[in-house]
Amino acid sequence: MARQRVESGLILCDQRRIGIPPVLAKGTSAAVIIPAGLMGTGGNRANDNTDLRAAAPWAAIIVVDDGSTDDTGARAAEAGAIVLRHPYNKGNRAAVKSGIRRATTRFILIVDADGQHRPGDALRLTDKLSEYDLVVAAR
């Protein structure tokens, strides 16, 4: 039976899978996926991920350029991200799916390109993965 609780703005779910030991996610075992569309201009997480990189030594930062007609992908690559590009806008769900398929890590952190998520909160999420299978930020 799944266990779920809310703690300090986090929704914590545990499926209690037998035989899988808990593993701490300390950045290096997590990839960050940033779905992005038309984010080439202005300061945003897709083209300036310095604050995200400062929060932890992530295994990878993957920006999925969802069919942008501007320089979203180029700017994300300049910032050091792995960039996946959709030939046309497929939507957020497809962008997240593409990023998850590209990630090679056990843990994945998904953040929006518009900067609404504070990078410092990322470790609050990943730190709970030693106890729970799924951690979701709740506002």
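In what order do the strands of the open sheet stand, and is their pairing parallel or antiparallel? In this predicted model, the open sheet of 4 strands follows the order β5-β4-β3-β6 with parallel pairing, where strands (E, at least two residues) and helices (H or I, at least four) are DSSP runs numbered from the N terminus, and two strands pair if DSSP finds at least two bridges between them. Because β5 (82-86) and β6 each have a single partner strand, they stand at the edges, and one side of each is left without a neighbour in the sheet. The twist averages 25 degrees from one strand to the next, with axes taken as lines fitted to C-alpha atoms and angles running from 0 to 180 degrees between N-to-C directions. Between β3 and β4, the parallel pairing extends over 6 bridges, and Ala31 has Ala60 of β4 as its bridge partner.

The largest nonpolar core holds 20 residues, of which Val32, Ile34, Leu52, Trp58, Ile61 and Leu109 touch the most other members; such a core is a set of buried Ala, Val, Leu, Ile, Met, Phe, Trp, Tyr and Cys residues joined through side-chain atoms within 4.5 Å, buried meaning under 20% relative accessible area (1.4 Å probe, protein chains only). At least two residues of this core come from each of β3 (30-36), β4 (60-66), β6 (107-110) and α4 (122-127), and β3 gives the largest share, 4 residues. Beyond its neighbours within four places in sequence, Ile61 is in contact (heavy atoms within 4.5 Å) with Val32, Ile34, Asn49, Leu52, Arg53, Ala81 and Ile82.

Residues are numbered from 1 along each chain as its sequence is written, and side-chain values use heavy atoms, leaving out hydrogens and water. As the model is predicted, local features need pLDDT of at least 70 and side-chain atom pairs count only at pLDDT 80 or more, whereas totals for chains, interfaces and linings use all residues.

Notes:
Buried < 20%, exposed > 50% of the residue type's maximum accessible area, 1.4 Å probe, protein only.
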